[in-house]
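Visitor: Could you take me through the aromatic side chains and one of the helices here, and tell me what each term rests on?

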Amino acid sequence: MKEEVRPLLGSVPGRRRHFCLLPSAFCLALATLAGAPAGAQHPPAAPLAVYAGADRFERLVAAARKEGSLLLYTTFAASNMEAIATDFERRYGVKVNSWRSGTLRVLQRTLTEAKANRFEVDAVLFGSPEMEALHREKMLQEVRSPHHRNLVEGALPAHGAWAAVYLNLFAHAYNTDKVRKDELPRTYADLLHPRWKGRLGVESQDQEWFLAVVRDMGEARGLKFFQDLVAGNGLSVRTGHSLLNNLVVSGEVPLALTVHSYMPEQMKRKGAPIDWFVLEPAVVRPNAVGVLRHAPHPNAALLFYDYLLSDAQKLLAEMAYIPATRQSDSPLRNLRVRVVDPVEALDENDKWSKLYEDTLRGAR
């Protein structure tokens with residue numbers, strides 16, 4: 001089957017807390033920034049970001065080595081980040097310092113520092129809707145990288161202010177001691193079978209997955225499906241994909257509907273009683289990298305940006321991530337795929353976060 005990649009409405013860039021009906025922290029963070037343009041006192045300085053000469057790479061490496069280091073804000077798993085940073089430093093002699101936290105905290109810290117004209121962070125690596133939010137605040141540097149040509153469809157916005165590094169596939173993970181392979185559902189409708197009562201779990205902030213499935217079914221039919229699922233079999237709602245993945249390993253949640261595919265795959269390779277599969281549509285949320293317009297180490301950040309889109313892609317694949325470059329052995333190759341559209345995700349935030357929260361509550 002030929003791979004189909006389609007945009008998807010809706011996501012929650014603010015990553016609300018479970019069942020919070022107040023304005024999202026994301027919206028509040030942006031509101032505090034209004035009227036105070038980031039970096040008004042300091043002009044951006046990244047001429048190589050848009051340079052296309054034949055000696056671009058040589059000039060970039062020399063400039064990056066002169067700067068010596070960069071600071072990255074990210075949501076990327078710490079152990080995997082260490083491997084990426086070590087490889088980059090070995091290749092170029094440029095040190096990667098990183099600060100890691102959840103999506104909302106990374107976004108808030110980046111916005112808060114910009115408002116205060118504190119220019120410490122050089123690059124950010126996290127979800128594409130959040131990256132698009134930074135672009136709207138004119139905080140990201142346009143980049144024209146030769147590696148853009150190798151990216152899959154939907155991985156690079158027209159404005160060029162960020163680029164996808166890997167694709168987070170929403171997978172369904174199951175405990176192999178609690179669930180037989182021959183009883184796995186083949187369609188979403190199969191989840192309504194009584195055998196799944198009290199055995200299903202979801203992550204509390206996965207509105208983009210919810211939206212994709214609802215829209216794929218047709219909005220009225222899709223909403224009814226989830227309402228019937230909650231009413232009939234229930235959903236154990238947990239906050240944090242890593243937590244949900246670990247609960248599958250322990251057997252507390254026999255089947256989780258929304259974990260990122262690399263998580264169960266990494267645990268499976270270590271011998272844990274877990275495996276995963278995907279019901280179509282396969283929902284993909286890109287995680288992206290962007291260089292700050294007022295980065296104190298713009299060339300080191302740019303070199304790291306290029307590295308993530310090139311040499312790091314093989315390393316990411318070895319870690320069970322889905323690279324954003326074209327790969328012949330991609331697990332998405334024979335699936336019908338819906339890619340989160342970050343622009344529409346921002347614009348549809350309030351509607352779909354409330355629908356997801358209401359549905360998980362059992363409201364109709």
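Guide: Tyr-188, Trp-209, Phe-210, Phe-225, Phe-226, Trp-352 and Tyr-356 form one aromatic cluster. This is a predicted model, in which local features need pLDDT of at least 70 and side-chain atom pairs count only at pLDDT 80 or more, while totals for chains, interfaces and linings use all residues. Residues are numbered from 1 along each chain as its sequence is written, and side-chain values use heavy atoms, with hydrogens and water left out.

Visitor: What makes two rings an aromatic pair, and how many pairs are there?

Guide: Rings of Phe, Tyr and Trp (its six-membered ring) pair if their centres lie within 6.5 Å, and planes under 30 degrees apart count as stacked, over 60 as edge-to-face and the rest as tilted. By this rule there are 18 aromatic pairs.

Visitor: Why is the pair of Phe-57 and Tyr-92 called edge-to-face?

Guide: The centres of Phe-57 and Tyr-92 are 6.3 Å apart and their planes meet at 70 degrees, so the pair meets the limits for distance and for edge-to-face. Phe-57 belongs to helix α2 (residues 56–67) and Tyr-92 to helix α3 (residues 78–92), so the pair ties together parts that are 35 residues apart in sequence.

Visitor: Why is Tyr-92 called buried?

Guide: Buried means under 20% relative accessible area, exposed over 50%, and partly exposed in between (1.4 Å probe, protein chains only). Tyr-92, with 10%, is therefore buried, whereas Phe-57, at 44%, counts as partly exposed.

Definitions and conventions
Helix = DSSP H or I, 4+ residues; strand = E, 2+ residues; numbered from the N terminus.
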